[in-house]
Structures are given as C-alpha cells and as structure tokens.
Amino acid sequence: MTTNDAAVSLSHLTKTYKGVTAVEDLSVDIRAGRVTGLLGRNGAGKTTTLRMLLGLATPTAGTATVLGKPYAELPHAAHRVGVSMDGMGGTPGATVRGELRIWCTVLGLPATRADEVMEITGIADAATRPVKGCSTGMRQRLALAAALLADPEVLILDEPANGLDPDGIRWLRDTLRSLAGEGRTVVVSSHQLAELEQTVDDVVIMQRSLRYAGTLDDLTGHGAVRLEDRFFELVDPAATAPATRTPATAAPAAARTPERITSRA
Ligand SMILES: Nc1ncnc2c1ncn2[C@@H]1O[C@H](COP(=O)(O)OP(=O)(O)OP(=O)(O)O)[C@@H](O)[C@H]1O
C-alpha cells in the first residue's frame, strides 16, 4: 500500500515518562476501510499510542496523523473521528439517553441522533436508565454509541471488548465488521486475542516497539496457526523459540510486514 491509503499513520512515535519508555519508535500505517487490531500485553503501550494519536499525550519524538493530519489540526476532527476510551467521563446523574443528548449538543447534532445510535448499539431499552446503574457491557455499548454519534469516518476504540459477555462479544464483532463494511476505518486495541482473531482484518502487535504489522491472514497463514501462538512468538520469542532455532530464523517482528499494512523504518 502507499501511505496515501493510510487512515492513521504513525512515524517513529515515541513516548517516555520520566525515564520509562512506554512507546518506542513506532512506525506503522493503518489502512482505511479495515478493522485493525492494536494488540499487546498489559502495559505494552497501546493506550499511550492512541492517546498520542488523539492529541491527548505529547510524543517525546515522532508524529501521529489521522486522515492525513495531526488530530489537533484535522478540520472537524470530533465529527470525523469517533473515540471510545476509558476516562472520557460522563455526566453525574445522566441517563443513557441524557448522556448521549449532551454529546449531541456538544457536537452540534440533533437530539434525535441519540436515539438512532442507541438503536444501532442495542441499548434503546436502557434509554432512561442512569448511566451509573449500567453494567460494564452496557457502558461499553454506550461508549460505542457516543463514538458513533457524528457518523465518523474513523473509529478509535480502546479495549471495547473489556467486560463484555459472550453475547456482547458477538455483537461487538458483528458491529465492527459492519462499520468497516460501510467503509469506515476501525482501530481497536485489545489484549483479548481470541475475540480479536474473529474480528480484525489487520493486526499491529506492539510490545513498546512494533513487533508486527500486516494482515491477520498473513500472520496466521490463513488460520493455519492461532493468533495467540503467533502473538507469543512475536512478543516473547525467547520463550517460544525451540532450542534448536537459530537467532536468524527466530527473528520475526517487523521483518514480516506485508505491504498492505506497512511498518515504516
Ligand atoms: N501518565 C503516565 N505516567 C507514567 N507512566 C505511564 C503513564 N501512562 C502510561 N504509563 C506507563 O506506560 C506503559 C504503557 O502503558 P499503556 O497504558 O499505554 O499500556 P497498554 O498497552 O494500554 O496497557 P493496558 O492493556 O494495561 O491498558 C506502562 O508501563 C504504564 O505504566
């Protein structure tokens, strides 16, 4: 792919907190119109990467752009990029519908849009429920509903599968697939590999630095190898390499970066 196809582009992105490097020299382009999983263990730097992409954290080095611009410089960014991240708050005492209507006001959208996204995300029956009385799964649906309000081209979802029951996981999978089917770019961070394996087109695996960027099919040999096995080979090659393996053949990571989703030196 050429970088022109990229909805999200990270170039040498690095973040250091008081001597601790959370993200190191991350360069990757994420293709438009696909579901891309940003995968890594706890503490791998996924949230920090997304926060830098959204202008919520300042990179120590490197750049991050969405739809060709740094988020802060993107015209109509709040309409074009839908975001679901922990810590985005909520209004004390608000109901599900009330919360979404507040966001409608902030975004300059008609209040009726709140009901539309509640339908899309299956929470219409909970419209009058206080947000603080909602289950984790319901809150995840509400967060996605809020992200969808402005009908964005790009969705950035940090750990949207956390707390979902099997029905919720299936719903999320179908929803993300259908959003990408409509031409949207979906970037979803997770450490829940089994769930993601059935959802994503492309995979970015990071463990502070980039370990893999490419299609899921290329990574798993079209399902011949489980994502989980490939994941551990990439993030922890020493633990998974057979004793007879030479360092050269064990070296995985950015060397295996098919052209359709690219990591860039
Ligand atoms: N504001 C901060 N100040 C100091 N260190 C931070 C800060 N934010 C993140 N870190 C550290 O940066 C590293 C990466 O954290 P990050 O939250 O980005 O990882 P993650 O992959 O999203 O993990 P998880 O799956 O647990 O959410 C961790 O070591 C974390 O402790």
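## Exercises on a pocket, a ligand and a sheet

The second largest pocket holds about 150 Å³ of space. Before you start, note that this is a predicted model, where local features need pLDDT of at least 70, side-chain atom pairs count only at pLDDT 80 or more, and totals for chains, interfaces and linings use all residues. Residues are numbered from 1 along each chain as its sequence is written, and side-chain values use heavy atoms, with hydrogens and water left out.

**Exercise 1.** Work out which element gives the most to the lining of the second largest pocket, and describe the lining by class.

*Step 1.* Begin with the terms. On a 1 Å grid over the protein atoms alone, a pocket is an open set of points where a 1.4 Å probe fits, with protein on both sides within 12 Å along at least five of seven lines; lining residues have an atom within 4 Å of a point. Grid points are joined across faces, edges and corners, and the volume is the space filled by probe spheres set on them.

*Step 2.* Find the lining residues, among them Met52, Leu53, Gly62, Thr63 and Ala64.

*Step 3.* Look for helices (H or I, at least four residues) and strands (E, at least two), which are DSSP runs numbered from the N terminus. Helix H1 (46–53) and strand S4 (61–66) each supply at least two lining residues. S4 gives the most, with 3 residues.

*Step 4.* Sort by class: Ala, Val, Leu, Ile, Met, Phe, Trp, Tyr, Cys and Pro are nonpolar, Asp, Glu, Lys and Arg charged, and the others, Gly among them, polar. The lining has 8 nonpolar, 4 polar and no charged residues.

**Exercise 2.** Describe the shell around the ligand by class, and find a polar side-chain atom of Thr48 beside the ligand.

*Step 1.* Residues around the ligand (a heavy atom within 4 Å) include Tyr17, Arg41, Lys46 and Glu159. H1 gives the most to this shell, with 3 residues.

*Step 2.* By class, the shell has 3 nonpolar, 6 polar and 3 charged residues.

*Step 3.* Check the polar contacts (N or O pairs within 3.5 Å). A polar side-chain atom of Thr48 is 2.5 Å from a ligand oxygen atom. Polar backbone atoms of Gly43 and Gly45 lie 2.7 Å and 2.9 Å from an oxygen atom of the ligand.

**Exercise 3.** Name the residues that stand opposite Val8 in S2 and S4.

*Step 1.* Strands pair if DSSP finds at least two bridges between them. S1 (residues 6–17) runs antiparallel to S2 (residues 20–31), with 8 bridges, and S1 also pairs with S4 in the antiparallel sense over 5 bridges.

*Step 2.* In S2, the bridge partner of Val8 is Ile30; in S4, Val66 stands opposite Val8.

Notes: Polar contact = N/O pair within 3.5 Å; in protein donor to acceptor, adjacent residues only side chain to side chain.
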